[in-house]
Amino acid sequence: MRFRLLALVAVSALIGVGCGGGGGSSDKGTIKVGASLPLTGDFSEPGKAAKQGYQVWQAIVNEQGGLVDGRKVQMVIKDDASNQNTVVADYNALISKDKVQMLLGTFSSLLNLPASAVAERNRMLYVEPAGGSPEMFSRGFKYLFFAQQATADHQGDVFSNYVKGLPPDQRPKTAAYPTLDDPFAQPTSQGIEKILKAAGIKTVYRKTYTIDQKNFDSIANSVKASGADLVVNGATFEDGVGFVRALLKIGYTPKMLYQTTAPSLGDQYAKALGKGNTEGIFYAVSHSAKAKTPGNEQFVAKYKQMFGGTEVPEDAADAYATAQVMQAAVKAVGGIDDQAKLADWLRNNKVDTILGPLEWDEAGRPQGQFLVGQWQNGAPEIILPKGATATTQSIVPEWKPSGAGT
Amino acid sequence: MTEFVQTLILGLLVGGVYALLASGLTLIFGVMNVINIAHGAFLILAAFITYSIWRAIGLDPLAGILITTPVMFVFGWVVYNLTLRRIRTGPAAATVLLTFGLALVVEGLMGIIWGNTAHAVTAPYFNESFHIGSLFLPKAQVYGGVLALVVLAVLWIVLTQSWLGRAIRAAAVNPQGAALVGVNVSAVSAATFAVGVASAGAGGSIASVLYTFLPGSHYVWISRLLGIIVLGGMGSLPGALIGALTLGIAETMTVTYISPSWATAVPYALVFVVLLVRPYGILGTRLREDVVT
């Protein structure tokens, strides 16, 4: 028995072990830009997309003559294996061993929390593409900037205001908030609840589940028992899909359904639910390939040229925008030596990116608004805010699953 | 009252599926004294095979079992002969580490072949339920539960009624004695391991309809399945069924009456309590080594 116990302890310890890699020498005059991304492990898919975004930026910036003073960019990307300890080791190595001159952020609040602390200790600018948890910006960091439109607690603002503004006979009266215990999903759901509660939409269910929850039938059954008109599911992909499938199984169709993250994953989402079942599902998203934002067309074309496919992952676009933000600061300041000056410039200026214009408060929180997407006729569309970024003017008022599989 | 009955039904159905997934794990431990940490990875591999067949020719995952089971049987036999056979008589810790290594290799290969994105099979009945009054029974879970009973019954009949079963039990109780009376212990071990992995084939097919899965999903499954067989008594097939049903009901009751955030903690607390009272699990057998240590 003791042997088995020891072995299991060893196995548990080994699960946490990851390894970094990458690096390489640079030519004289090139600027080394370092990042560690989750290329393996739980976040490997968004991590790989973020790497593609950085690679597209490297290609475009070098084609345009380099980052500053004609100096071209050499990306040094390590794999943090979706592990918090490894990401810290990686950023330390990027700074001390690989001698990178600039840093770019990693994916997820979970990994950006420790990684941004390394950058802050070394007084290096740290613009990151996917760490929107409010916790990120409560530490008084001076070099940290989030390159999306808003932090997680404001991700659902546009959607909440849309619901709030509906005529009384169409507005949901009750809402349920089944939410994943996650630094991004939970504040998003809480932010929506705060606005809707103030608008008189009663909360009839709020419960949190953990990432290893596999069976959603009981949760869906409890949501059904609450009779909520609107269901807001703070989720990542697997649990988000599991929850909607459970709603379908028990035959419960709330008037409106909003989810974080999962519906923005395009074809993957439609395949997991069956296209017909996605009709009318709302979500927030940072990027649209069809948006007429500066440089977006060039980014989309270059992405497709380099990596093929028909879809451009949101995480690739976020990473590209992250590098755009850093590039704008370097260009404006005219060099990379004074990183505090770069951070000061970002705090006081607006940057045009493929996600739209971004600006930040003192703590590095973005001050914009997310786009609201909705699945319509088996395809994701941008519906709000109305204007240049919207891909359609029509909004499907309710969730209408057709019940069809793929 | 309806809510309680509904929760109980959901718990039993979840437990039924868990029993199917855990049956091979407990069989391999019971006969070979090997804790197969790769069982979760084999399960996910079968789910991916089911997915590919379904995408390619539209074959229903339930029918896909007829393919995944023999494929995983052969895979299990090959894996045993290439790896486990060499350290069969080594310490238990060595087999744990070896099978953990196997799990990592299989995870990596699945990542290369299918990518690290979540997959799911949307068979025609994936979102359908049987309705009895105001109660509902999700069809895929019902099929999984029935399949679990069939697999467990077949395994039990094979173990108790056939020559192979007697050979397996003989090899488990006394390998030297079994060899003396003409049992090829090595071949029996390979067959047992292959049968255990084949049951993961059946389980993986049904799991592909019930759950989304990606290569890394096996960590969650192996921890849950180990909990089940420890609760039921390691090596006991009826114990796996009882452990799975107990864990399934504990999970759904916790979700409904306490909070979903406790859904993974409470069942393990239950395992803890049961082990305090019965250190060898509900139907486990007390071994001489347990008494000594």
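Two short exercises on a predicted model follow, each with a worked solution. Residues are numbered from 1 along each chain as its sequence is written, and chains are lettered from A in the order in which they are written. Because the model is predicted, local features need pLDDT of at least 70, while totals for chains use all residues.

**Exercise 1. Describe the overall build of chain A.**

Step 1: count the elements. Chain A has 12 helices and 14 strands; helices (H or I, at least four residues) and strands (E, at least two) are DSSP runs, numbered from the N terminus.

Step 2: check compactness. The radius of gyration is 22 Å, close to the 22 Å from the globule rule for 406 residues, so chain A is as compact as a globular protein of that length. The radius is taken over C-alpha atoms, and the rule is 2.2 Å times the number of residues to the power 0.38.

Step 3: look at burial. Of the 406 residues, 60% count as buried (under 20% relative accessible area, 1.4 Å probe, protein chains only).

**Exercise 2. Locate the unusual backbone geometry in chain A.**

Step 1: recall the norm. Most residues other than glycine have a negative phi, and most peptide bonds are trans.

Step 2: find positive phi. A:Ala81 has a phi of about 55° and sits in the loop between strand 2 (73-79) and helix 3 (84-96). For A:Arg123, phi is near 50°; its loop runs between helix 4 (109-121) and strand 4 (126-128). A:Arg123 is exposed (over 50%), with a relative accessible area of 60%.

Step 3: find the cis bond. It joins A:Leu384 and A:Pro385, with omega about -5°. A:Pro385 lies in the segment after strand 14 (379-384).

How values were computed:
This is a predicted model: local features need pLDDT of at least 70, side-chain atom pairs count only at pLDDT 80 or more; totals for chains, interfaces and linings use all residues. Side-chain values use heavy atoms; hydrogens and water are left out.
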